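Thanks for making time this morning. I would like to walk you through one structure, slowly, for those who have not met it before.

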Amino acid sequence: AIIQRKDYRVPEWLVPTIDLDFALKLDATRVKSTLRVERNPHGEQGTTLRLNGDGITADSVTVDGQSTNSWRMDGSDLVIELDGDKHEIVIETTLDPAANSQLSGLYASNGMLCTQCEAEGFRRITFFPDRPDVLSRYAVRLAGDKAKFPVLLANGNEVARGADPERDGPGTHWAEWHDPWPKPSYLFALVAGELVANRSSFVTLSGRKVRLAIYVRPGDEARTGHAMESLKAAMKWDEDVYGREYDLDDFNIVAVSDFNAGAMENKGLNIFNTRYILADPDTATDGDYDAIEGVVAHEYFHNWSGNRVTCRDWFQLSLKEGFTVLRDQQFSAAMGSAPVKRIEDVRVLRGVQFPEDSGPLAHPIRPDSYQEISNFYTATVYNKGAEVIRMMTVMAGLDRFRRGTDLYFERHDGEAATCEDFVKAIEDGAGLDLKQFRRWYEQAGTPRVEVEMRHDATSGEVRLILRQTVPATPGQPDKAPMPIPLRTALFDRMSGRHGGEQTLILDDATREFSFTGFAEPPVLSINRGFSAPVAIATPTPAEDLLFLARHDDDPFARYEAMQQLVVQHLVGVVNGSVTGAALDQGRAAIGEAFEAILDDRALDDLMRGEFVILPGETYLAEQLLVNEPAAIHAAREELKAWLGINLGAQFRALHDRCSAVPYSLSPEARGSRKLKTQALVYLAPADPAEAIRRAKAQFDGADNMTDRQGALMVLCGLSGPEREEALAAFHDRYAGNALVIDKWFSLQAGSLNPKALEHTKALADHPDFNLANPNRVRSLYMAFAANPQAFHDASGEGYRMIADLIETLDPLNSSTAARFVTPLGRWKRMEPGRSALMKAELERLAAVPTLSRDTREQVSRSLD
Ligand code: ARG
Ligand code: ZN
């Protein structure tokens, strides 16, 4: 069934309170749920109460204390006929958490029990109006074996605990948790298991002392320090920057190793994938440290943007996710290097979201319809959603934007709100007119902006003509122009300076802006800071890009000029327009720009590290009408080798300089680690023997995971005994550490090694491979699918491998399986040979009769 946004109806029944009583057992948990239901005066006045279920059956149902037969199953839902306005319903269900391989609802992981209810997992625990606009107060009693489940956690406050063997059985204990804040069912959580806590505390703005705890499996507690520091920093930052204070006496986090997503913001009881909690220098890279800081903050920030103000329905998902991603990006920018953070965020947007926006799964940040909501936890809803709100900050400025968010939180506290409510609050609070801006919520597709500059030497006038087109996307053939805020500066070629930045709003198909006082044609710096999530479609003259790469005072724009220089060159090489002398010239220009970056003493190494990362193959493919993966890969690798040869001395010196910096988490030391491995990346194709020597030394001498992983990545891409030795040593050293063994799988599947396809196939039979663990599945197959040279092997074997995976994984864990359809979905813009092979795999999947709703939706959208 297709669910449409326009069909929203307010709930007929409300559930002001619910009591949940759990008798916990790994393979047979009994749940008794007591719902106090009330007719919603604003809803339709029907006589049936519909309670959603999924894969559960009711052992018994009572209404107002009477066992009743006036209920029936309608599909998986439980329907009760009721007259009157107020009733108490008691329903008992029995679950088998150990058999729950979907990891949605209540499931077992390593002998512990935990939940994941967003979006529709609560209905796998008990029958309930499982929709985010039904808010209830929860009282939860957990009872279970004291030895197996010494720790019993749920949302809110622990109000009592004890042991009642008569009631709950010998060897048991119980705990009762009350959450004073009404919440939708998707924020419910419980955890039971043998866990140890890293405890700390935080005093809020108004003086409330909050107990903090991060629960992990015994032995992991030493790796929770960074997550704890990140949490405290996030709590402080949200007070300082958004005026948001925490609202319970306890904030608990639990890390679990079997988890479909990154983490979940359950009220007062966040549940995390271990990969976003556990870190120490020996096992986590600098990137892992950053990801932990960002995700811990993200989930914490949801307490306001998501929990206190939640979503009316799942079409509004970006209301909480887009806004919370923006908030976590702003936080990380404040904690580290803001320009580097911006570059990384834009890299993800253009590498993942832009392809989504131009492919068969394109959808607006507020979708109009879905079959399975799990399929809409996308880069569009999250990352483009954040960019859309970021544009509001560009147009309003941060102070006025804050007035908007204050009004939003005040107006909608305790409510289930819509994206429209958010936009209205920003309009009213920040004083913006967002009438036309609302189109950003309605229309999918990445706008393309064309730029034309006309200079009149006699009058000194510059006219900038900007045009936008929003491409057609599935279900949206015609688009209306959207307001695009473009931070812009015009540089004087002689002085290398500009006379001030302006934000130009391109709010029509075409607009003209005029500037005076330019004797010479200026150099245009546009979309500075990536102020709008658009593609600038007009190529810029190479000399202007070189100018900006040297002189632009906006760090993002400077980076972008450098990227664009490389993109334009590589696109030309692939489409055959850059050959012969032009090829030499193009490389020479890039070489010169690289040299300037390597020599620029004013740049810090963290930033320098961004400049020397070449644009990714997926992003390059986006610039072409027809994707030619082999040609793109070859052109990019050739350029890399050319740079490695021609700047060999500089890269060697860089590797030496950076190798001398001792380990710490300072920006300087992190920068040197980033550059150290980048130097090897360029030396590898230029002088493999030397690269192996240096990588081996880096690997053997490493006192941290960043260096070790970087060196192993380079060794993995080359052939020789050093590769096998290093892989074996790494595996030995970290046997039993799941997160590090994940890296071991990813490095091989994601490798530049020409045999990566073969290696990946073999690794699927490795004893450490495990289809039941999403982290492990992703570590092998997502890394593979993101490795163009291996995935797009001309034989089509890569496609078959991913389709086989989808087919095998789908019955076990459909939401994880469905995520693998995306890489196969981009067949339309592929060269004919590969296109046919990809499409054939999708068709093969479409013919599988037992496909889950998740996977079926993605496959059929991809074939449409
Ligand atoms: N709300 C969670 C977060 O962004 C993610 C939940 C993922 N759920 C899902 N069905 N994919 O922090
Ligand atoms: Zn989120």
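**Sheets, helix pairs and annotated domains**

Let me begin at a small detail, where Val-63 has Gln-66 in β6 as its bridge partner. Before going further I should say that what you see is a predicted model, and please keep that in mind throughout.

The pair I have just mentioned belongs to a hairpin of β5 and β6, with two residues between the strands, and in that hairpin Asp-64 takes a positive phi near 50°. The two strands, β5 and β6 (residues 66–67), are paired in the antiparallel sense over two bridges. Strand β5, which spans residues 58–63, is also joined to strand β9 (residues 86–95), and here the two run antiparallel with five bridges between them. If you want a place to look in that second pairing, find Ser-60, which stands opposite Glu-92 in β9.

How many strands make up the open sheet that contains β6, β5 and β9? There are eight, in the order β6-β5-β9-β3-β2-β12-β15-β14, and the pairing in this sheet is mixed. The edge strands are β6 and β14, the latter covering 157–162, and each of them pairs on one side only. Further along that order, strand β2 (residues 13–24) pairs with strand β12 (residues 136–145) in the parallel sense, over eight bridges, and there you can see Leu-24 opposite Gly-144 in β12.

There is also an open sheet of four strands, ordered β10-β11-β16-β13, in which the pairing is antiparallel. Its edge strands, each pairing on one side only, are β10 at 105–109 and β13 at 151–154. If we ignore direction, neighbouring strands of this sheet are turned against each other by 20° on average. Within the sheet, strand β11 (residues 112–116) and strand β16 (residues 190–193) are paired antiparallel over two bridges, and Leu-113 has Ala-192 in β16 as its bridge partner.

Let me turn now to helices. In general, two packed helices are described by the angle between their axes and by the distance between those axes. For helix α4 (residues 317–335) and helix α5 (residues 338–357), the axes come within 7 Å and cross at roughly 145°, and the crossing is right-handed. The residues that make this contact are Gln-329, Ser-332 and Ala-333 on the α4 side, with Ala-338, Lys-341, Arg-342 and Asp-345 on the α5 side. By class, they divide into two nonpolar, two polar and three charged.

For helix α6 (residues 379–396) and helix α7 (residues 398–412), the axes come within 7 Å and cross at roughly 125°, and α6 and α7 are therefore oblique to each other. The crossing of α6 past α7 is right-handed. Here Met-392, Thr-393 and Ala-396 of α6 meet Leu-398, Arg-400, Phe-401 and Gly-404 of α7, a contact with four nonpolar, two polar and one charged residues.

Finally, two annotations from the record. An unreviewed UniProt entry places "domain: Peptidase M1 alanyl aminopeptidase Ig-like fold" at residues 445–537. In the model that span is 0% helix and 46% strand, and its end C-alpha atoms lie 14 Å apart. The unreviewed entry also carries the annotation "domain: Peptidase M1 alanyl aminopeptidase C-terminal", which covers residues 543–863. Over residues 543–863 the chain is 74% helix and 0% strand, with the end C-alpha atoms 43 Å apart.

Methods:
Residues numbered from 1 in each chain as written. Chains lettered and ligands numbered in written order. Predicted model: local features only at pLDDT ≥ 70, side-chain atom pairs only at ≥ 80, totals over all residues. Pairing = 2+ DSSP bridges. Axes fitted to C-alpha atoms, helices over the stretch in contact; angles between N-to-C directions. Parallel < 35°, antiparallel > 145°, perpendicular 65-115°, else oblique. Left-handed = near helix turned anticlockwise from the far one by under 90°. Contact = placed C-beta atoms within 7 Å. Nonpolar A, V, L, I, M, F, W, Y, C, P; charged D, E, K, R; others polar. UniProt positions renumbered as here; feature names shortened; annotations may be inferred.
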